[in-house]
Every structure is written in C-alpha cells, then in structure tokens.
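This report introduces the structure to a reader who has not met it before. Please keep the sequence and the coordinates at hand while reading.

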Amino acid sequence: VSNRRRSVAFYRSLGLRVDGPDKPDSSAVYLINDAGLRIHLICNGQPSANVLMDVPDKWPGVTHPAFVVDDLQAVLDWAAANGVTITEGPVEWDGRRRTCFLRDPDGTVLEFNQLLAVRQPPPR
C-alpha cells in the first residue's frame with residue numbers, strides 16, 4: 001500500500017482490526033476480522049495504476065482477492081455510507097451468487113460474493 005494510515009482506516013471500516021501491537025514504523029500491518037480472515041498490508045508501494053487490471057499489457061499475478069460475505073447488501077450499504085464506488089455489480093451469477101466489485105484506496109480490486117441457496121434437482 002502507498003499510504004499506511006489511509007489503508008488501515010479503509011480495512012478497519014470493513015470490519016478488520018490490527019492483529020497485535022500496531023507498530024507504525026513497521027513495513028507491514030497485519031489485520032484480522034472476527035471470522036479469522038487475515039490481510040497483510042505491505043507499506044512500501046508508490047501510487048500508480050493497477051498494472052494487473054488497468055493497463056493494456058497484462059502482467060501475471062493475482063488480479064484481486066474475493067471474499068464470501070453473508071449479506072452483500074451490507075457491503076453495498078457500507079460502500080454508499082463511506083463514499084466507495086461500486087465498480088461493477090451487484091450482479092447475480094446463475095442463481096448461485098450475487099457479486100460486486102470495488103477498489104481499495106490504492107486501486108486494488110476487491111470482489112464480494114454472497115452465496116445464494118442452490119436449488120437441488122428433484123429426486124428421481
């Protein structure tokens with residue numbers, strides 16, 4: 001990340017907290033949520049375009065993390081309340097999940113999915 005304070009505030013607003021003592025001089029921040037999801041922010045980035053998503057020549061690497069949430073509407077409400085733009089969605093895929101995409105302060109794409117009840121075929 002390019003701005004430690006801004007990124008920590010963003011991820012805290014998503015329900016994560018600093019795991020362990022917050023050491024402002026450290027190049028890494030370890031975050032965790034109540035379900036045990038961990039995110040490590042490495043604080044050595046320079047502001048730039050997202051070379052995995054936003055430039056014509058594509059580079060190898062992870063384009064975005066995807067998270068399963070219980071309530072996608074809660075993510076949409078959080079985004080609206082915090083001025084975070086939903087860049088795609090919400091959209092439903094094959095009746096199995098609802099998805100939206102947004103970006104963190106450094107432009108990293110985040111995908112959120114709510115799994116929907118999957119109808120089972122009737123027994124034969």
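V18 has L31, a residue of β2, as its bridge partner. This is a predicted model, and the strands β1 and β2 (residues 28-32) are paired in it through two bridges, in the antiparallel sense.

The pairing belongs to a wider arrangement. An open sheet is built from three strands in the order β1-β2-β3, with antiparallel pairing. Its edge strands, β1 (17-18) and β3, each pair on one side only.

**Confidence**

For the chain, the mean pLDDT is 88, and 91% of the residues reach 70 or more. The table lists the two extremes among the elements of the chain.

| Element | Residues | Mean pLDDT | Rank among elements |
|---|---|---|---|
| strand β3 | residues 38-42 | 93 | lowest |
| helix α2 | residues 72-82 | 97 | highest |

Strand β3 thus appears twice in this account: as an edge strand of the sheet and as the element with the lowest mean pLDDT, 93.

**The surroundings of E111**

Another strand, β7 (residues 109-115), contains E111. Is E111 buried or exposed? Its relative accessibility is 9%, and because buried means under 20%, E111 counts as buried.

The side chain of E111 forms a polar contact with the side chain of H64, at 2.6 Å. When neighbours within four places in sequence are left aside, the residues in contact with E111 are H64, P65, A66, F67, R97, T99, C100 and F101. H64 is therefore one of the residues in this list and also the polar partner of the E111 side chain.

Terms used:
Residues numbered from 1 in each chain as written. Predicted model: local features only at pLDDT ≥ 70, side-chain atom pairs only at ≥ 80, totals over all residues. Heavy atoms only, no water. pLDDT = per-residue confidence, 0-100. Helix = DSSP H or I, 4+ residues; strand = E, 2+ residues; numbered from the N terminus. Buried < 20%, exposed > 50% of the residue type's maximum accessible area, 1.4 Å probe, protein only. Polar contact = N/O pair within 3.5 Å; in protein donor to acceptor, adjacent residues only side chain to side chain. Contact = heavy atoms within 4.5 Å. Pairing = 2+ DSSP bridges.
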